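Student: I should like to learn how to read helices, aromatic pairs and cores in a structural model. May we work through an example together?

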Amino acid sequence: MSYSLLISDLHLDPERPAHLAELERLLADQAGRAERLYVLGDLFEAWIGDDDDSAFNRQAIAAFRAFADAGSELFFMHGNRDFLLGDRFAADCGGTLLDEGTVVDLHGTRALLMHGDSLCTEDQAYQQFRAMARNPQWQQMMLAKPLEERRALAQGMRMQSQSNNANKAENIMDVTPSEVTRVMNEAGVRELIHGHTHRPAVHDVDLGDGASGRRWVLGDWGAQGWWIVADADGLRLESWDIS
C-alpha cells in the first residue's frame, strides 16, 4: 500500500546525537518504501545558513540524499528554528522546499500543511520576531555575517527564547482557535497538520455552518519520536521510543 510520512520538530543538534541516529535509521528503513516524506519545520535546533558545512550537517544531508535517491519524494518546510534553510540545502538533500500553508493530497485526503507558529497569534512578541525573521532583507543581512558570528547569534536567540517562554502563559504559546478555523476555511480543507507546539494530539475543529474538521498536531522528538502516517485509509498519529 502506498503511504506518506510527516514529521516535525526533531530539533537536531550535535549535543543530541541520538536524534540524528534515529533519523538515519528511519530514513534508511523507509527509503524506497514511503512514497513521500514531509518535514514540517524545526528539523534543526538552529540552521545558520546553507553554507554551514559542519560534519553534523553533512551527515544529515547524506541521510536525506540516500532516501531521495532510493525513489522517495522529500519535502521540507521552514520552522521557527530553521527559517534560514534554503534551496541549496533542499537540493543537496534531493528534496523541495514548501511554502507555509501548502495544501497537498495525502492519498485521497486533502490536508493543509503548516509548521504551526503562525497560528499562535496571541503571542504578539513572537509574531513580531517571526515577521522580522521571515523578511528577505533581514535574512540576507544575517547570511552576510561570518559563520562564527551567526553561531553566536543563534545561541543568543535560543537562550532569549527560552527565557521569554518561561514567563508566558501556556495558552499564549498554543494556537488561536479562530485562526485555525480561518486558515482551514480559507484553504477549503477539513484536515490541518502542523507541529511547533510540542503538544501531539488530534483535535476536532468547528468550521462553522455545520462543518467540522480535524487538527493534527505532531510531537517533538525527545524520549519519543512522532510521525503521521497517511495512506488510503486516512491519517494516523503514531509514536515510538527513541533509545
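Tutor: The discussion below takes up helix faces, nonpolar cores, ring pairs and buried polar side chains in turn. Please keep in mind that this is a predicted model.

Student: Let us begin with helices. How many residues does helix α2 have, and what distance does it reach from its first C-alpha to its last?

Tutor: Helix α2 covers residues 55-69, which is 15 residues. From first to last C-alpha it reaches 21 Å, close to the 21 Å expected at 1.5 Å a residue. After α2 comes Gly 71, with a positive phi near 110°.

Student: Which residues of α2 are buried?

Tutor: The general idea concerns periodicity. An α-helix has 3.6 residues a turn, so residues three or four places apart point the same way. In this case, the buried residues of α2 are Phe 56, Asn 57, Ala 60, Ile 61, Ala 63, Phe 64, Phe 67 and Ala 68. They lie on the same side of α2, because they cover an arc of only 155° around the axis. Ala 55 and Asp 69 are exposed on the other side of α2.

Student: What covers the buried residues of α2?

Tutor: The cover includes two helices, α1 (17-30) and α3 (87-93), together with the strands β2 (36-40) and β3 (73-77).

Student: I would like to try the reading on another helix. Which residues of α7 are buried?

Tutor: In α7, residues 177-187, the buried residues are Glu 179, Val 180, Val 183 and Met 184. Their arc around the axis is only 125°, which puts them on the same side of α7. The face turned away from that buried side carries Pro 177, Ser 178 and Glu 186, which are exposed. The elements covering the buried residues of α7 include β6, β7 (191-194), β8 (201-208) and β9. Just after α7, Gly 188 has a positive phi of about 70°.

Student: Let us turn to cores. Which residues touch the most other members of the largest nonpolar core?

Tutor: In reading a core, one asks which residues touch many others and which elements supply them. The largest nonpolar core has 37 residues, and those that touch the most other members are Leu 23, Leu 37, Leu 43, Phe 44, Phe 64, Phe 76 and Phe 89. At least two residues of this core come from each of β1 (3-7), α1, β2, α2, β3, α3, α5 and β10. The most is given by α2, with 6 residues.

Student: Which residues does Leu 37 touch, not counting residues up to four places away in sequence?

Tutor: With those sequence neighbours left out, Leu 37 touches Leu 5, Ile 7, Leu 27, Phe 64, Phe 67, Glu 73, Leu 74 and Phe 75. There is also a second, separate core of 16 residues, which includes Leu 98, Val 104, Ile 193 and Leu 218.

Student: Aromatic residues come next. How many aromatic pairs does the structure hold?

Tutor: For a ring pair, one reads the distance between centres and the angle between planes. The structure holds 11 aromatic pairs. In one of them, Phe 83 and Trp 138 have ring centres 5.8 Å apart and planes at 50°, so this pair is tilted. Phe 83 lies in the loop between β3 and α3 and Trp 138 in helix α5 (residues 136-143), so the pair ties together parts 55 residues apart in sequence. Phe 83 counts as buried at 8% relative accessibility, and Trp 138 counts as buried at 13%.

The pair of Trp 221 and Trp 240 has ring centres 5.6 Å apart and planes at 80°, so it is edge-to-face. Trp 221 lies in the loop between β9 (211-217) and β10 (224-231) and Trp 240 in strand β11 (residues 234-241), so this pair ties together parts 19 residues apart in sequence. Both Trp 221 and Trp 240 are buried.

Student: Which residues do ring pairs link into a cluster?

Tutor: The cluster consists of Phe 44, Trp 47, Phe 64, Phe 76 and Phe 89.

Student: Finally, what does the side chain of Asn 57 reach?

Tutor: For a buried polar side chain, one looks for its polar partners. Asn 57, in helix α2, is buried with a relative accessible area of 7%. Its side chain reaches the backbone oxygen of Asp 52 at 3.1 Å. Asp 123, in the loop between β6 (109-113) and α4 (124-133), is buried with a relative accessible area of 7%. The side chain of Asp 123 reaches the backbone nitrogen of Tyr 126 at 3.2 Å.

Technical notes
Residues numbered from 1 in each chain as written. Heavy atoms only, no water. Helix = DSSP H or I, 4+ residues; strand = E, 2+ residues; numbered from the N terminus. Buried < 20%, exposed > 50% of the residue type's maximum accessible area, 1.4 Å probe, protein only. Polar contact = N/O pair within 3.5 Å; in protein donor to acceptor, adjacent residues only side chain to side chain. Expected span 1.5 Å × (residues − 1). Arc of directions from axis to C-beta. Contact = heavy atoms within 4.5 Å. Phe/Tyr/Trp six-rings, centres within 6.5 Å; stacked < 30°, edge-to-face > 60°. Core = buried A, V, L, I, M, F, W, Y, C linked by side-chain atoms within 4.5 Å.
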